[in-house]
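Here are my notes from a first pass through the model, point by point. Have it open beside you as you read.

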Amino acid sequence: MIEQLPRTFDLLTKLEERFPEKDDMLCRKVHGKWIKHSVKDYVRRSHLIAYALVHYGYGKDDKAITICSNRPEWNFLDMGLNIAHMIHVPVYPTLGNDDFLHIFNHSDAKIIFVGSESQLKKLSPIIERMDTPARVILMDDSDTHECLRDLYRVGEEHEDTLRVPVEKMKRDIDTDEVASIIYTSGTTGTPKGVMLTHRNLMFNAYGHAVKQTVTSDQRMLSFLPLCHVYERSMNYEYQYIGISIYYAESLGTIARDLADCHANGFCAVPRVLEMMYDKLESAGKNLTGFKRKVYDWAWKFGNSYDNYNHGKFYNFKRNLADRLVYSKWREKLGGNEMLVVSGGSSIQAKIVRLFNAARLHIYEGYGMTETSPVIAVNSPVQGFNVIGTVGKPMEGTELKFADDGEILTKGPHVMAGYYKDPEATRSVIDSEGFMHTGDIGRLVDGEYLQITDRKKEIFKLSVGKYVAPQVIENMLRESPYIANCIVIGENQKFASAIIVPDFERLHFWAAKHKISYNDNDELIAAPKVIAKIHEEIEKVNSKTAPHEHIKRERIVCDEWGTANNMLSQTLKLKRSNIHKKYSELIREIYRI
């Protein structure tokens, strides 16, 4: 394994040294076909962008925004901007207009790189409202707008005169200089700009790269947004190891793209893995007779799979289930065993068990944007994958707990601070340099970190008892009939829940029980359906303390997503927005 790297663009130097002939370093699927970029192409395009930007007079601490879906050009810009001593500000393409305008102005952006003409059309009215005009450059080729193709041309024209000064500039860039500002997607409030240094990003990427068993001859599919530090850090890891990165065409084509590129893994958030789990479960329901019995047996075995049971008979059952069922799943995903990293929020244990049984090995980790992002992770190389935990803290970092159980961390992974907001920085980084994560946790067996809830989300009942909603919500979502939910009850006598059912399963269940309805509104009002959801809630109540019991629930037809602002960009509940939307329903629950 190569040494830890000081700056982001040093990845290019190491790629050139170790994999100069690699022809599929960065690949993007367009209209069903993979467009591949070699290591040489990656290095050259990154430097041409830097030459052009330096020629135009941009430099130290100037900010440039990128707004696009995952594509190789994002990486060309990421490296090119840092080589030119600029600061990269990647932004989600799905934000609301107010958030876009806030970030455009607050970041002091001098350039905005936009993926396509259609995206530019949506963003132009917002860009026109900026306090200070910014240069707009398209990533796609264009004959009507300035685009990357123009930067490449300008870079080529000035390459001979700028090569030496740019190389000197690279040598002079310090590892503790800010490389990127990432605006938190946030579940509450206005996005804050997290300043991450070269050291932050490279220390973190190195820290989880050395825990992986994947090698340079393998391929990873990337589909989570690169503008989020989680996927970005994983992409740095892949480049560090020399793994080929294939960008999925869309979220709807993940399974097909995994198969097409014969991927060896990917990283995901729990919601994506939940959807994959649901599809696998539904596949079994379409079988009949002996095949259905075999599938159900393998399904039941996988859902309770024990990573650490290596007895001969147990391994025989796992291998039999693999031959009859699990291998068929992998064939549809490209045929390989996989390494899957899960982060963003906690994942249900049954999903980890099933995927591990099927040799689609899930390793859960934990972090936040402010820590570049990984704080702890389970490790393939070190041989531990403790379900229900996020593994051990990263080497070279410190971890401790406040009196109330809040997780505190210190080390080279902790951000430089919030851009233009020293007060907010002081509120989360104490005088000893410890980052206050806002998460509550504990160590299992004195080694493995377990996250129990968000500090800000814990609420107090009027009877003086505290409720940690996230724990209960995760348990509720284990029901096949509950797609999403929120636990409420702050300052009330008891906890309640608003439930979004899994309508696909509910329709199947209703047909089986001969329930007639014209639409979903009628379905959720059916007494048998209400009783069924209540039965699922009672299963959870049997596992929690009396004061945590869900005493009342209401079922709603709405879908919660990023488009209607019920979920953050990382698919976490936006609690304040949900409370606002269902304020009358909540009042009705507690009026009864």
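1. Start with Arg135 and Tyr56: the charged end of Arg135 sits over the Tyr56 ring, 4.1 Å from its centre. Keep in mind throughout that this is a predicted model. There's another contact of this kind at Phe434, where Lys400 lies over the face of the ring, at 4.1 Å from the ring centre.

2. On to the ring pairs. A search of the whole structure turns up 18 aromatic pairs. One of them is Phe313 with Phe316, a stacked pair with 6.3 Å centre to centre and 20° between the planes. Both residues belong to helix α13 (residues 312-332), where they sit 3 residues apart, about one turn of the helix. As for solvent, Phe313 counts as exposed because its relative accessibility is 59%, over the 50% cut-off. Phe316, at 47% relative accessibility, counts as partly exposed.

3. Now have a look at Trp560 and Tyr582. The ring centres are 6.1 Å apart and the planes stand at 50°, so this pair is tilted; tilted is what remains between stacked, under 30 degrees, and edge-to-face, over 60. The two residues are 22 apart and link distant parts of the chain: Trp560 is in the loop between β25 (550-555) and α20 (575-581), while Tyr582 is in the loop between α20 and α21 (583-591). Are these two buried or exposed? Both Trp560 and Tyr582 are buried.

4. There's a bigger grouping to click through as well: Tyr277, Tyr295, Trp299, Tyr326 and Trp329 form one aromatic cluster.

5. Salt bridges next; the count comes to 46. I'd pull up Asp78 and Arg232, whose closest N and O atoms are 2.9 Å apart. This bridge links distant parts of the chain, with Asp78 in helix α3 (residues 72-83) and Arg232 in helix α9 (residues 229-241), 154 residues apart. How much relative accessible area does Asp78 have? It has 0%, so Asp78 is buried. Arg232 is buried too, with a relative accessible area of 1%.

6. Within a helix, try Lys168 and Asp172, whose side chains meet in a salt bridge of 2.8 Å, N to O. They are separated by about one helical turn, because they lie 4 residues apart in helix α7 (residues 159-172). Lys168 is partly exposed at 47% relative accessible area, and Asp172 is partly exposed at 48%.

7. Glu584 and Arg591 make another salt bridge, this one at 3.1 Å, N to O. Glu584 has a relative accessible area of 42% and is partly exposed, whereas Arg591, at 56% relative accessibility, counts as exposed. Elsewhere, salt bridges that share partners join Arg44, Glu156, Glu159, Asp160 and Arg163 into one network.

8. Last, a glycine. Where does Gly411 sit? You'll find Gly411 in the loop between β17 (406-410) and β18 (417-418). Its relative accessibility is 27%, so Gly411 counts as partly exposed. From Gly411 to Leu399 is 12 residues in sequence and 9.1 Å in space, C-alpha to C-alpha.

Technical notes. Residues are numbered from 1 along each chain as its sequence is written. This is a predicted model: local features need pLDDT of at least 70, side-chain atom pairs count only at pLDDT 80 or more; totals for chains, interfaces and linings use all residues. Side-chain values use heavy atoms; hydrogens and water are left out. Buried means under 20% relative accessible area, exposed over 50%, partly exposed in between (1.4 Å probe, protein chains only). Rings of Phe, Tyr and Trp (its six-membered ring) pair if their centres lie within 6.5 Å; planes under 30 degrees apart count as stacked, over 60 as edge-to-face and the rest as tilted. A charge sits over a ring if NZ of Lys or CZ of Arg is within 6 Å of the ring centre and within 35 degrees of the ring normal. A salt bridge is a side-chain nitrogen of Lys or Arg within 4 Å of a carboxyl oxygen of Asp or Glu.
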